[in-house]
Amino acid sequence: MMNKFKDGFLIGAATAAHQVEGNNVNSDCWVMENVPGSIYKEPSLDAADHYNRYEDDIKIMADAGLNAYRFSIEWARIEPAKGRFDENEIEHYKKVLECCYKNNITPIVTLHHFSSPKWLIPEGGWEDEKTIHYFENYCRHVVEKLGDMMPYICTINEANIGIQIKKFMAMAEGSDNLEKDANIQVGLNKDAKVDMKAYYEALGEAFGIDPAKVQPFVAPRTVEGDRIVMRCHERARQVIKNINPDIKVGITLSLVDYHVLPGGERLAAADQDEDFLHYLPYLQDDDFLGVQNYTRQVYGPSGVLRPVGEAKLTKMGYEYYPEALAGVVRFVSKHWNKPIMITENGISTDNDTDRVDFIEHALKGLYQCIEEGIEVIGYMHWSLLDNFEWQLGYEQKFGLIAVDRATQTRYPKRSLRCLGNIGKYGF
Ligand code: BGC
């Protein structure tokens, strides 16, 4: 007998504005990509031109059988200068939302996905209390204008990424092979030749501030900065609920599947606390939790082990392990009894057959979790399109749809059909 997700289960794909739209010229990332000595392998330029091609892209999703689309609204477009809101950009996202509805796609909107307006950085960025107020203003503006069209909002994408980067930096100091040691999931340039000092000096000059004060979102976070991010989330949730209590609000966290070998318990517990558990008090009034997972981490007595022997790696360098999704959902569900939405899960590969295999295994595991009674309300594959993988540029291929960037032609992959078919018919 076929196993099929029940009606109403959201099955779709995710993107982030900066990674697909193109020409996000008022953002901090744009500055970071374009300063002399940038550690970004290449600039984003016109990305996948999704800003102009969203109608075609959403239609391709719908034709393949997907019923949900997670995308982000770009703060740097909505508020390109402090306190100046651009109504044309509100109109733009209104059209994107309308397009989703026209295609029977449920929109899941992220209000912040890594990129921020460039004016935020001289204000102190993500280590400054003022950002709570700025973020609140931006969220209020968007939700007042578009809230009625937004059933689900993720306030902040991977709120825990800064803490993970701090861990990664500490690891970098003691590592002779960072490419292998650092199992970090986001697209950071791990090239040892990168001159971070010169880069930060260039950023200081570009933003007109002391290099030590350059605090974008994807950067090592202090304990105080972590608290500020959480207060941004709480404030945003309050604002959203005041405007429209029907909107379901959550945050998203980057989580690995923690495999613990004898002797690794203490280190694994410390990471579980840092990555996840210590956030729980801030999330008690949320409606759902966005879980983002790409791989597992194996903990031994001396720390995280490198993938061993025959282990297959993804193009990002971490272990190919689609079963991680079910593992992390089971772990989360021990501490979280509200709905879980998988807001990202995927693989960078040039071989789409691997992606098909990944999707089938990940979704079978997820289905099993639901059978066990865990409330999972949706699965958003990362990503809809091959896109700009931050510091790693365009070489990484996470998409269900290939993009020829010279012509911006779209080539749907077999994995897109596979995901749609699982949604429609099961497996
Ligand atoms: C981020 C995405 C990124 C993906 C793949 C996640 O950490 O939210 O923006 O592209 O991982 O690395």
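Me: Before we start, how are residues sorted here: Ala, Val, Leu, Ile, Met, Phe, Trp, Tyr, Cys and Pro count as nonpolar, Asp, Glu, Lys and Arg as charged, and the others, Gly among them, as polar. With that, how does the shell around the ligand divide?

Reply: Keep in mind that this is a predicted model. Sorting the shell residues gives three groups, and the charged one holds 3. The other two are 5 polar and 7 nonpolar.

Me: Which residues come nearest to the ligand?

Reply: There are 15 residues around the ligand to pick from. Those that come nearest are Gln-19, His-113, Glu-158, Glu-344 and Glu-389.

Me: How far is the polar side-chain atom of Tyr-294 from an oxygen atom of the ligand?

Reply: Let's take the polar contacts in turn. Gln-19 has a side-chain N or O atom 2.8 Å from a ligand oxygen, and His-113 places a polar side-chain atom 2.8 Å from a ligand oxygen too. A polar contact needs the two atoms within 3.5 Å. For Tyr-294, the distance to a ligand oxygen is 3.5 Å.

Me: How much of the ligand's exposed area does the protein bury?

Reply: On its own, the ligand would expose 310 Å². Its place is the largest cavity. Of that area, the protein buries 100%.

Me: Away from the ligand, which helix holds both Arg-140 and Glu-136?

Reply: Across the whole structure, a search turns up 27 salt bridges. Arg-140 and Glu-136 form a salt bridge through their side chains, at 2.6 Å from N to O. They're 4 residues apart, about one turn of the helix, and that helix, spanning residues 130-146, is helix 6.

Conventions
Residues numbered from 1 in each chain as written. Predicted model: local features only at pLDDT ≥ 70, side-chain atom pairs only at ≥ 80, totals over all residues. Heavy atoms only, no water. Near = heavy atom within 4 Å. Polar contact = N/O pair within 3.5 Å; in protein donor to acceptor, adjacent residues only side chain to side chain. Areas by Shrake-Rupley, 256 points an atom, 1.4 Å probe, with all protein chains shown as cover. 1 Å grid on protein atoms, 1.4 Å probe; cavity = no way out; pocket = protein on both sides within 12 Å on 5 of 7 lines; lining within 4 Å. Sits in = over half its atoms within 2 Å of the grid points. Salt bridge = Lys/Arg side-chain N within 4 Å of Asp/Glu carboxyl O. Helix = DSSP H or I, 4+ residues; strand = E, 2+ residues; numbered from the N terminus.
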